[in-house]
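Got the viewer open and a selection box ready? Let's walk through this one stop by stop, picking a range each time and looking at what turns up.

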Amino acid sequence: MKKYLSYMLCLGLILTLFAGCGGDSSSTSQEAETTQTEEGNALGDSEAMVYRSLYSGEISSMNYLIEGATNEQQVAANVIDTLVEYDSHGEVVPGMAEKWEVSEDGKTWTFHLRKGMKWFDHTGAEVAEVTANDFVASAKYVCDPKNESATDYMILDLIQGAGDYYRKVSDYYGTLAEGVEKKAEDSGADFASVGIKAIDDYTLEYTTVDVYPFFPTCLTYVCYMPAYGAQLDQLGSDFGTAMDKMYYCGSYIVTKYEPQVGRTYEKNYKNWDADNIHITKIDLTYNAEAATIGPAMVLRGELDYADISNNILDEWKSNYPEYLSKSRAVPDYSYFYCFNFRAGSGSPERIKTWTDNGWEPENWDKAVTNSNFRHAVMSAFDRDYAMYALEPEAENRKAVTQRTITPATFTSVNEVDYSKLPEFDNVDQYFFDEAKAKEYKAKAVEELKAAGVKLPVKMVLSYRSDTSDWEQECVLLKQQVEKVLGTDFIECVLYGGPADGFLRQVRRSGMYGFMRCNWGADYEDPSTWAQPFGQNPEIRENDNVVEANSYNDMDIYMDKEGELTPVLKAYYAKVDEAKKIADTEPRYKAFAEAEAMLIEHAIVVPYFIDPASYISTKMDIFEGQYAPCGVSNLRFKGQKLHENYITMDEYTKNYEAWKSKMGLK
């Protein structure tokens, strides 16, 4: 998922949103008298159960059809419903669609909408009925290049005809003079050719490019949400820029939106599933120092939630245990270390930056294509040691460390977790092992010298300069790798990239040698974890790739000679093979074979998922929705406020009950 946030920002957002799953807390929940105060209006007694929290990261807009970041998507998750959603135990269940079926060839999905669902404005006044046409209208908006949706790929890549429509409209826009109004309908492209159709007001049909058994899980993502067509046509780019610039059909209605002041959500009493919406008002207050002042406000009874940072954790364990609980580890977002395979052959700007910093780009490019060099680094990388900067508790680190890029518990086949399929039986031998690291080093030294590589090789470790935990992680990584391999072989160079535009200026621009990257799942299928490493051969000059995938540029070696080329050809061939398989068991087996290649050849090093960090909350996090992908995890639906803050004993009891229902050990 293209959610471009640093580890700490992403973690803070996830914890603040309290995505969770079912379970019972021993605390007594507040009883909310949810009576409407005005006949015919969707707003009612908002003071019955009020949730209060701070936030420090302001949203760009509420336009869920174009925004790609978690922070913005949290709004839509709570005010716009989806065709399907997840329950508290990770099962896909009916949402706005009460039922659906797929055609015999597996490509046409038909969804039958509930009748009587409504759109409301920010005052709670009814506007219109939600129909299948609203899903078509929103998809057309997403597929219009002028709107620059960050999530359009989820439709363009999966829906029949969508990519062709987008390209035709885009080509037409390219012929227009500057200042000429862009209208997709003037391009000659017909959206009727796209496989998204309203058969009638309550029947919606999607036709996919290929057989995608996971397709319903895609529909929990923002780009598949509905929007009222007439309003989209009227507002265009102004859609979602204010609370009165959009309509609502979800659990809540935004009744206050003041940037850098706060947002308020009030329960939609006329929602189709109103009985499962317990919190009647969500008051979110902006404060740039939320992480610092939040815990103190909890102790004064002024907030219902706060993150408890590591620097005050011991104090809270000793003095305030009755306020201390945990979040949960979520398998929808994976962190992994990537080698950068193009430092000295990218853009002139890239080469100049590397050269000006003394990073020796051509030397790095020769070294990184050597398998023994990469394996030496991978075997010298003590992930537990480096992760201490992010998570000081050993038990937590162990729980979230991953052996595969696809997180454990993300999905399974025949009751076997995907990460434990036999295809991954060989990967563990490549992780931290000092003896093996030195063996790889000895082999690499001879091969690198023969290839003209100068030792020590400079390996750039990049991080966001405003993220102290990430910087400290890189310091620990440098210490460990240089200690094991020796500074005669490798020199780790620390580089603090800019806080603003870090993604664009560092990862996408290839300003790193070895760096922690991340990806979030778009749908519940292992193919989503292959997306970051896909080929991007569309932009070329004289048969040379000018733009490769933006994670590690490994795909440029499809056009070169060397030991990496046959590995990558085998990898991409296996991914292509897997994508064409409809049956789950052989499909997952093929994707596992492909993913194992990246690990066994030390191209990508799996790292961790977000740990269950300490928080203070009045919500039992296991009562809400739980999902390995989409926005269900960001919803308050299903959650209740309890009289007291959840304690660790209560958390443990609820967690064990939830795991039992999930069939987890």
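**Before you zoom in**

This is a predicted model, so start by colouring by confidence: the chain averages a pLDDT of 90, and 92% of the residues score at least 70. Now select residues 2-37, where the pLDDT is below 50; in the model this stretch still has 139 contacts beyond near neighbours in sequence. Residues 538-547 also stay under 50, with 16 contacts beyond four places in sequence. Where pLDDT is low, don't read the predicted coordinates in detail.

**Two hairpins**

Select 118-129. Strand S6 (residues 118-120) and strand S7 (residues 126-129) are antiparallel partners, joined by 3 bridges. Put labels on Phe120 and Glu126: Glu126 in S7 is the bridge partner of Phe120. The two strands make a hairpin with 5 residues between them, and if you check backbone torsions in the turn, Gly124 has a positive phi of about 90°.

Next, go to 196-207. Here strand S8 (residues 196-200) pairs with strand S9 (residues 203-207), again in the antiparallel sense, over 4 bridges. How many residues lie between S8 and S9 in this hairpin? Just 2. For a landmark, show Ile196, which sits opposite Tyr206 in S9.

**A stop at Ala137**

Pick Ala137, which belongs to helix H3 (residues 132-142). Which residues does Ala137 touch, leaving out those up to four places away in sequence? They are Ala227, Gly229 and Leu232. Draw a distance from the C-alpha of Ala137 to that of Leu232: you should get 7.8 Å, although the two are 95 residues apart along the chain.

**The three-stranded sheet**

Select 333-339, 514-520 and 604-608 together. You're looking at an open sheet of 3 strands in the order S20-S15-S23, with antiparallel pairing. Strand S20 (514-520) and strand S23 (604-608) are at the edges with a single partner strand each, so each has one side without a neighbour in the sheet. Ignoring direction, neighbouring strands here are turned by 35° against each other on average.

Zoom in on strand S15 (residues 333-339) and S23, which run antiparallel and are joined by 4 bridges. Tyr335 is a handy one to label, with Phe608 of S23 standing opposite.

**Two helix pairs**

Two packed helices are described by the angle between their axes and the distance between the axes, so have both to hand.

Show 371-380 and 434-450 first. The axes of helix H12 (residues 371-380) and helix H15 (residues 434-450) come within 8 Å and cross at roughly 155°. Angles over 145 degrees count as roughly antiparallel, which is why H12 and H15 get that description. The crossing is left-handed. Turn on side chains at the contact: Phe373, His375 and Ala376 are among those on H12, while the H15 side includes Tyr440, Lys441 and Glu447. By class, the contact has 7 nonpolar, 3 polar and 5 charged residues.

Last stop: 564-579 with 584-600. Helix H18 (residues 564-579) and helix H19 (residues 584-600) pack at an angle of about 160°, their axes 8 Å apart. These two are therefore roughly antiparallel to each other, and the crossing of H18 and H19 is left-handed. Among the residues that meet are Val567, Tyr571 and Lys574 in H18 and Arg587, Phe591 and Met597 in H19. How does the contact of H18 with H19 split by class, and which class has no residues there? The count is 10 nonpolar and 5 charged, with no polar residues.

Definitions and conventions: Residues are numbered from 1 along each chain as its sequence is written. This is a predicted model: local features need pLDDT of at least 70, side-chain atom pairs count only at pLDDT 80 or more; totals for chains, interfaces and linings use all residues. Side-chain values use heavy atoms; hydrogens and water are left out. Two strands pair if DSSP finds at least two bridges between them. pLDDT is the predictor's confidence in each residue, from 0 to 100. Contact means heavy atoms within 4.5 Å. Axes are lines fitted to C-alpha atoms, for helices over the stretch in contact, and angles run from 0 to 180 degrees between N-to-C directions. Angles under 35 degrees count as roughly parallel, over 145 as roughly antiparallel, 65 to 115 as roughly perpendicular and the rest as oblique. A crossing is left-handed if the near helix is turned anticlockwise from the far one by less than a right angle, and right-handed if clockwise. Ala, Val, Leu, Ile, Met, Phe, Trp, Tyr, Cys and Pro count as nonpolar, Asp, Glu, Lys and Arg as charged, and the others, Gly among them, as polar.
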